[in-house]
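I opened the notebook to log a few look-ups. The entries follow in the order I made them.

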Amino acid sequence: MLTQETLLKFLKRRSAISVATLEREAGLPKNTLSGVLSGTRNLSEKHLTALFPIVTQYGFSNEAFEKARVISIINHKGGVGKTTTTAYLGEALANKGFKVLLIDIDPQGSLSEVLNIRVGQTQVFHSLLNLEVPLAIQPVQENLDIAPSDIELSSAEKELSNKIGGELRLKVAISKISKNYDFILIDCPPSLNILTVTAMQASNSCLITTLPEQLAYKGLVVLLERIAEVRALLNPSLELDGIVFTMVKGNSIHREYKELIRQQFSNLKVFDTEIKHLIDFQKAMIDHLTISAFNKNSEAATSYENLGEEYLLSLDKRS
């Protein structure tokens, strides 16, 4: 059943689809959907009934759009831009009007620290151990929330191994709040431990961040094998959204490995948008600001806005 809420999620996530075309094919008056998008008009049951078969042809399904798309930002190596990408890609999507939740599942708590979020009496760790404890969600800015963590999460690996359905517990916690968001981004630890597997089990897809360097290149093979194992054994619907180059420098080594990765993994999406090694990222983190709040006109902020646009377009092309 199509509702106005799920239709809005569909139209925002599939921004390349012409609303005028949808109106024409569904027999709706002109500017009906424009009014819905601007918040000045509500659709009748008749309108929704007429639209349902049309939007279905363009990739709509209740299952896909009633709940958030959950994305694990992963790499088993540290210092490859996972936390930066989780924070600032999340911010870029929020700036486009999407409701976004960030989940910090790295015991280092870097995501929470970067955004200057203090952990309260409960955190992600408690929701994993006790299914009755909801995720402790705090606001960051308009449309952007976070479920923070700190070093206490480090004991979760042993605890989860002893819990029934340990690898499913984050998925259960997310399922309770998923309908409140368009996107949920999970900042994973720099390892392929049970926390990362738990995140992938809870996700619709993974997004890999990597440096264009030799060690990172070799590690991609191992990482892709682990994703394939999770898909085969735990989460058959897990997708790989693609690979994002981060901390890119304008030297010959980075240029060489960017080209090598694109050639060797030509069957995967490698994003055109590259995140350069820019001092503004470090300055924003020191000031505990999102990159747009630090300087919305900077190259750093623009790069993540561009990545957000390219990411949404890639979802359009897959539908």
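Which residues of H1 are buried? I listed Gln-4, Thr-6, Leu-7, Lys-9, Phe-10, Leu-11 and Arg-13. I note that the model is predicted. Helix H1 spans residues 4-13, and seven of its ten residues are buried, so I logged the helix as mostly covered, with buried meaning under 20% relative accessible area.

**Entry: strand E1**

I went next to E1, residues 69-74. Six of its six residues are buried, so I take the strand to be largely enclosed by the rest of the structure. I then checked which way the side chains go. Arg-69, Ile-71 and Ile-73 point one way from E1. Val-70, Ser-72 and Ile-74 point the other way. Both sets are buried.

What does E1 pair with? I found strand E5, residues 183-187, joined to E1 by five bridges. The two strands run parallel. In this pairing Val-70 stands opposite Ile-184 of E5. I also found strand E6, residues 205-210, joined to E1 by four bridges. E1 and E6 run parallel too. Here Ser-72 of E1 faces Cys-206 of E6 as its opposite residue.

**Entry: helix H6**

I looked up H6, residues 82-95. The helix has 14 residues and reaches 20 Å from its first C-alpha to its last. That is close to the 20 Å expected at 1.5 Å a residue. Buried or exposed? I counted 13 of the 14 residues of H6 as buried, so the helix is largely enclosed by the rest of the structure. Just after H6 I came to Gly-97, which takes a positive phi of about 100°.

**Entry: a surface patch**

I turned to the surface. Leu-131, Leu-168 and Val-172 form a nonpolar patch there. Together they have about 190 Å² of accessible area. Val-172 sits in helix H10, residues 169-175. Why does Val-172 count as partly exposed? Its relative accessibility is 31%, and partly exposed covers values between the 20% and 50% cut-offs.

**Entry: the annotated span**

Last, I checked the record. The UniProt annotation "domain: AAA", from an unreviewed entry, covers residues 69-239. In the model, the end C-alpha atoms of residues 69-239 lie 11 Å apart. I noted 39% helix and 18% strand for this span.

Notes
Residues are numbered from 1 along each chain as its sequence is written. This is a predicted model: local features need pLDDT of at least 70, side-chain atom pairs count only at pLDDT 80 or more; totals for chains, interfaces and linings use all residues. Side-chain values use heavy atoms; hydrogens and water are left out. Buried means under 20% relative accessible area, exposed over 50%, partly exposed in between (1.4 Å probe, protein chains only). Two strands pair if DSSP finds at least two bridges between them. The expected span of a helix is 1.5 Å times one less than its number of residues. Patches are made of residues with over 30% relative accessible area and no salt bridge: like charges are joined within 9 Å, nonpolar side chains (Val, Leu, Ile, Met, Phe, Trp, Tyr) within 5 Å. Accessible areas come from the Shrake-Rupley method with a 1.4 Å probe; for residues, only the protein chains shown count as cover. A salt bridge is a side-chain nitrogen of Lys or Arg within 4 Å of a carboxyl oxygen of Asp or Glu. UniProt positions are given in the numbering used here, feature names are shortened, and annotations may be inferred rather than shown by experiment.
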